[in-house]
Amino acid sequence: MGLLTQLATLPLAPVRGVAWVMERVVEAAENKYYDPAPVEQELAALERALVAGEIDEETFGRREDELLDRLDEIRAHVQGVDT
């Protein structure tokens with residue numbers, strides 16, 4: 001950008017700053033949403049609950065399917081495939 005362009009677009013600087021901040025917020029939210037670690041931890045806790053007799057097989061199977069679907073979604077996102 002030339003000096004003249006920068007001066008002409010100076011009033012838009014706050015808008016560009018807000019846009020940059022919003023991009024960082026969205027990026028951080030996506031990183032957290034697509035982190036497989038919490039899903040894997042929940043799967044392990046679910047299995048412990050089944051072994052301890054805290055939940056029945058049906059509940060385990062239903063919740064396990066949900067978590068495995070979520071892991072598939074995360075892996076597809078990481079590989080760049082739309083689900």
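**View 1. Helices H3 and H4 pack against each other at an angle of about 165°, with their axes 10 Å apart.** This is a predicted model, in which local features need pLDDT of at least 70, side-chain atom pairs count only at pLDDT 80 or more, and totals for chains, interfaces and linings use all residues. Residues are numbered from 1 along each chain as its sequence is written, and side-chain values use heavy atoms, with hydrogens and water left out. Helices here are DSSP runs (H or I, at least four residues), numbered from the N terminus. Axes are lines fitted to C-alpha atoms, for helices over the stretch in contact, and angles run from 0 to 180 degrees between N-to-C directions. H3 and H4 are therefore roughly antiparallel to each other, a label for angles over 145 degrees. H3 passes H4 in a left-handed crossing (the near helix is turned anticlockwise from the far one by less than a right angle).

**View 2. Leu43 sits in helix H3 and touches residues further along the chain.** Is Leu43 buried or exposed? Leu43 counts as buried because its relative accessibility is 17%; buried means under 20% relative accessible area, exposed over 50%, and partly exposed in between (1.4 Å probe, protein chains only). Not counting residues up to four places away in sequence, Leu43 touches Glu64, Leu67, Leu68 and Leu71, where contact means heavy atoms within 4.5 Å. Leu43 and Glu64 are 21 residues apart along the chain, and their C-alpha atoms are separated by 6.7 Å.

**View 3. Eight residues make up the largest nonpolar core.** Such a core is a set of buried Ala, Val, Leu, Ile, Met, Phe, Trp, Tyr and Cys residues joined through side-chain atoms within 4.5 Å. The members are Val39, Leu43, Leu46, Leu50, Phe60, Leu67, Leu71 and Ile74. H3 and H4 (57-79) are the elements that give two or more residues to this core. Look for Ile74, which touches Tyr33, Tyr34, Asp35, Pro36 and Val39, leaving out residues up to four places away in sequence.

**View 4. Glu40 belongs to helix H3, and Arg70 to helix H4.** The C-alpha atoms of Glu40 and Arg70 are 9.9 Å apart, with their positions 30 residues apart in sequence. Arg70 counts as buried because its relative accessibility is 16%, whereas Glu40 is partly exposed because its relative accessible area is 40%. Setting aside neighbours within four places in sequence, Arg70 is in contact with Tyr33, Tyr34 and Val39, and Glu40 with Leu71 and Arg75.

**View 5. Helices H1 and H3 mark the two ends of the confidence range among the elements.** Helix H1 (residues 3-8) has the lowest mean pLDDT, 78, and helix H3 (residues 36-51) the highest, 96. The pLDDT is the predictor's confidence in each residue, from 0 to 100. The protein averages 90, and 95% of the residues score at least 70.

Key:
Angles under 35 degrees count as roughly parallel, over 145 as roughly antiparallel, 65 to 115 as roughly perpendicular and the rest as oblique.
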